[in-house]
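Here's a quick walk through one protein model, with a look at a single annotated spot and the sheet around it. Pull up the structure and follow along.

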Amino acid sequence: MSENHGEHTRAVRLPGPGTPVGDPVRIPVYRSTTYAFGTSKEYADTLDSGDGYSYARIDNPNSEAFAHAVAALEGAGLDHEVRGQAFASGMAAISTVLLALTGTGSHVVASESIYGNTYTLLDGLLRRFGVRTDFVDVTDLDAVRAAVRPETALVFTETLSNPAMVVSDLPSLAAVAHDAGTLLVVDSTFASPAVCRPLEHGADVVLHSATKYLGGHSDATGGVTVARPELSARIRSARVDLGPCLSPDEAFMLHRGLETLPLRVARQCDSAAEFAAAVLGHPAVARVDYPGLPGHRGHRLARTLFDEGEAGTRYGAVVTVTPHGGREAGTAFADGLRLATIAASLGGAHTLVGHVGSTSHRQMSDDALSAAGIEPGAVRFSIGLEDPADLIADALRALDELSHRV
Ligand SMILES: Cc1ncc(COP(=O)(O)O)c(C=O)c1O
């Protein structure tokens, strides 16, 4: 840079650090929103091909590295290529997929047991734009088959649903969707690729709230989709137009989280299985929903779909415990815990807990909760990385206190 430049030019055009000789072991955070080219043609070629970087809303090395890494995890057992797209949140991923794959007059068949904001997005906002959704019990394959119509754009379900941990029969749902010429889209947030990879079971799109297990530390918000290249290109095009890009800092954190995903999730699943079995025997407990328990209606299916770890099948790490005594007993149980923290979200290192009826499903009456298969007293645990013996002692003590109250 010439010494004759003025002070403002010198301030803006500071000398760079030069190219490092060694490669950084960890991908640096690329905060730059824009990328320089030597010629207009190089810039135009990058825009045309989609390879390389021009503008951060379109592509960024950190978000791309994160999306590629999730695609590698979700596509591990496939004999065809899949691609990932990263988003600013799980809902950004879900809304972009729905907008990419539907249009006025389209129809969606969705599980009646899905995340609340996915439900309201389908039932409210998308309905305003002429996309109609039928919500069905996806464990009833005849009901799904009956709901699918020629104009059905997609079938939407969750691998494991919140909070009853209903297991979706992914191969059968994929068969129903494909027989009708439509697509199966699966939110696999509660499972993560360390438990189940829906694309291996016939799903066309798998998506996640990366805020949960993928990040794993309750400190980064993001979302991700993985699909075949042609479908991923449709999702990418909608993402670029809509603009819900993942920030480079969040992408860095989420990418780092992936390195420990199998370690964390394997331990969380083992701890959850131990926890579920321990609380099930307490006299104050009316019901425990956890697919690892032989009495859970999704147990056999989970054994065929979910990964075998060293300690046996990984059934996920969310356990829903319902004490006797209804809504009041549920809140008293959650409030009586000292180690598990009352907080929204799941999938992190800390065990988080919530009384379902007064928090995540608070808009539903006791009758509506019961109709949806959720008891008014249900308390959801997202099992973290603490010692399971400590979590169990905390829960059993809170349950003992509950027994003395009742
Ligand atoms: C199953 C499921 N899908 C999607 C979301 C939305 O994710 P986010 O909060 O990252 O937008 C959540 C959030 O809790 C969820 O539990």
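## The lysine at 212

Lysine 212 has a relative accessibility of 15%, and buried means under 20%, so this residue counts as buried. Bear in mind that this is a predicted model.

What does lysine 212 touch, once residues up to four places away in sequence are left out? Its contacts are Thr189, Ser345, Leu346 and Gly347. As for where it sits, look in the loop between β6 and β7.

There's a record to go with this spot: an unreviewed UniProt entry carries the annotation "modified residue: N6-(pyridoxal phosphate)lysine", and it covers Lys212.

## The sheet

Now zoom out from that loop. The open sheet is built from seven strands, and reading across you get β1-β7-β6-β5-β4-β2-β3, with mixed pairing. At the edges are β1 (83–87) and β3 (132–136), each of which pairs on one side only. From one strand to the next, the twist averages 20°.

In general, strands of a sheet pair through backbone hydrogen bonds, either parallel or antiparallel. Which sense do β5 and β6 use? Strand β5 (residues 183–187) and strand β6 (residues 205–209) go parallel, over three bridges. One residue pair to click on: valine 186 has valine 206 in β6 as its bridge partner.

## A helix across the strands

Helix α4 (residues 90–101) lies across five strands you can pick out by label: β1, β4 (152–158), β5, β6 and β7 (223–227). Relative to β6, helix α4 runs at about 150°.

Key
Residues are numbered from 1 along each chain as its sequence is written. This is a predicted model: local features need pLDDT of at least 70, side-chain atom pairs count only at pLDDT 80 or more; totals for chains, interfaces and linings use all residues. Side-chain values use heavy atoms; hydrogens and water are left out. Two strands pair if DSSP finds at least two bridges between them. Helices (H or I, at least four residues) and strands (E, at least two) are DSSP runs, numbered from the N terminus. Axes are lines fitted to C-alpha atoms, for helices over the stretch in contact, and angles run from 0 to 180 degrees between N-to-C directions. Contact means heavy atoms within 4.5 Å. UniProt positions are given in the numbering used here, feature names are shortened, and annotations may be inferred rather than shown by experiment. Buried means under 20% relative accessible area, exposed over 50%, partly exposed in between (1.4 Å probe, protein chains only).
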